[in-house]
Amino acid sequence: MALATRTRTSAPPLWGSTIGKKTVMAVSGLIMLGYLVVHMLGNLKIFFGADEFNGYAHWLRTLGSPFLHYEWALWIVRVVLLAAVAAHAVSAYQLSRLDIKARPVKYIHKRRRASYATRTMRWGGIILGLFIVWHLLDLTTLTVNERAWAGHPYENVLATFSTWYGNTIYIVAMAAVGLHVRHGFWSAAQTLGAGRARRDRMLKNLANGLAVVLFAGFVSVPVAVMTGMVN
C-alpha cells in the first residue's frame, strides 16, 4: 500500500487567521504612524517662512536625485502609504465582521468600553478615511482649494486655513488622529508582543504622549494661520 500521501497543514495562512489580521493591522498602523511623525515635522517648517517651506516641498520631489527621477521617491512613499492604509482598513473591517459573527446575540447589558478612543475607533477610522480624500483634493490635486497656486505650497496652506471649513475639517480630523493613535499604538504593541506587565505603564504613557504631540503639532499650523502668526 502506498504510503505517499499529500501533507496538509491544519494551521491557517497568516492572513486567514485572527492573529494574522491583527498583525497586518498593527504593522500597517505603525507604518502610518511613522509617516505621521515625519509629516508633522515637515509641516512645522512653515514657521520658518515661505522660502523654507517651499524649499522643503521641492526637496521632497527631488529626493534621491539624480538616481531617482523627479517625484519618484515621493510616489514610492505614496504607494507604500496607500498599501498600508488599504491593509489597515481591510483587516479592521474583517476583524470587525469576525467579532460580530462570534457573538451574534447582543448583550443584554452593554459593557462600558475602557475609553472614548476605544469606543470610537471605527468611527475615527471612517473620519480619517474621508479626511485623506479631502486632504489630497485640497493640497495635492488642488481641486477644492479655490485659491490654490500650483507650485506654491506655502501659499496653498495659507489659503486652506484662511477658511472656517478648512480649519474645522482639519482640526476635527487631527483630533481623530490623536484618539486613533492613542488606542492603536497600545493595541499594536500588544499584538506584536511588546506588551509586558513591566512595560504597560511606559507603553500607555508613550501612546498618550504620541497622541498629544501629533495633535498639537498638526493643529499648530491652522492655529498659527488663524492668529496671524503665519501669514
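**Exercise 1. Determine which residues Asn-167 touches, not counting residues up to four places away in sequence.**

Solution. Step 1: apply the criterion for a contact, namely heavy atoms within 4.5 Å. Asn-167 then touches Thr-160, Phe-161, Pro-222 and Met-226.

Step 2: place the residue. Asn-167 is in helix H7; helices (H or I, at least four residues) and strands (E, at least two) are DSSP runs, numbered from the N terminus.

Step 3: classify its accessibility. Buried means under 20% relative accessible area, exposed over 50%, and partly exposed in between (1.4 Å probe, protein chains only). Asn-167 has a relative accessibility of 6% and therefore counts as buried.

Step 4: examine its side chain for a polar contact. This is a pair of N or O atoms within 3.5 Å; within protein, one must be able to donate a hydrogen and the other to accept it, and residues adjacent in sequence count only if both atoms are side-chain atoms. The side chain of Asn-167 reaches the backbone oxygen of Thr-163 at 3.1 Å.

Step 5: compare sequence and space. Asn-167 and Val-225 are 58 residues apart in sequence, and their C-alpha atoms are 9.5 Å apart.

The model is a predicted one, in which local features need pLDDT of at least 70 and side-chain atom pairs count only at pLDDT 80 or more, while totals for chains, interfaces and linings use all residues. Residues are numbered from 1 along each chain as its sequence is written, and side-chain values use heavy atoms, with hydrogens and water left out.

**Exercise 2. State how many helices and strands the protein has, and what share of its residues is buried.**

Solution. Step 1: the secondary structure comes to eight helices and zero strands.

Step 2: of the 231 residues in the protein, 29% are buried.

Step 3: turn to the contacts with a separation of 6 or more. Residues 24 or more positions apart account for 67% of them.

**Exercise 3. Decide whether the span of helix H5 agrees with the expected value, and describe where its buried residues lie.**

Solution. Step 1: the expected span of a helix is 1.5 Å times one less than its number of residues. For the 19 residues of H5 this gives 27 Å, and the end C-alpha atoms are 26 Å apart, which agrees.

Step 2: list the buried residues of H5, which are Met-121, Gly-124, Leu-128, Phe-131 and Asp-138. Seen down the helix axis, these buried residues fall within an arc of 95°, so they line one face of H5; the arc is that of the directions from the helix axis to the C-beta atoms.

Step 3: turn to the other side of H5, where Arg-122, Trp-123 and Leu-130 are exposed.

Step 4: repeat the span test on H1 (residues 18-43). Its 26 residues reach 37 Å from the first C-alpha to the last, close to the expected 38 Å.

**Exercise 4. Classify the ring pair of Trp-134 and Tyr-165.**

Solution. Step 1: rings of Phe, Tyr and Trp (its six-membered ring) form an aromatic pair if their centres lie within 6.5 Å; planes under 30 degrees apart count as stacked, over 60 as edge-to-face and the rest as tilted. The structure holds six such pairs.

Step 2: the centres of the Trp-134 and Tyr-165 rings are 6.4 Å apart and their planes stand at 85°, so the pair is edge-to-face.

Step 3: locate the partners. Trp-134 is in helix H5 (residues 121-139) and Tyr-165 in helix H7 (residues 164-191), 31 residues apart, and the pair thus links distant parts of the chain.

Step 4: consider a further pair. Phe-161 and Tyr-170 are also edge-to-face, at 4.9 Å centre to centre and 70° between the planes. Both residues are buried, and ring pairs link them with Phe-131 into a cluster.

**Exercise 5. Identify where the backbone has a cis peptide bond and where residues other than glycine have a positive phi.**

Solution. Step 1: recall the usual case. Most residues other than glycine have a negative phi, and most peptide bonds are trans.

Step 2: a cis peptide bond, with omega about 5°, joins Ser-65 and Pro-66. Pro-66 lies in the loop between helix H2 (50-62) and H3.

Step 3: Glu-71 has a positive phi near 70° and is found in the loop between H2 and H3.

Step 4: Leu-142 has a positive phi of about 60°; its place is in the loop between H5 and helix H6 (153-160).
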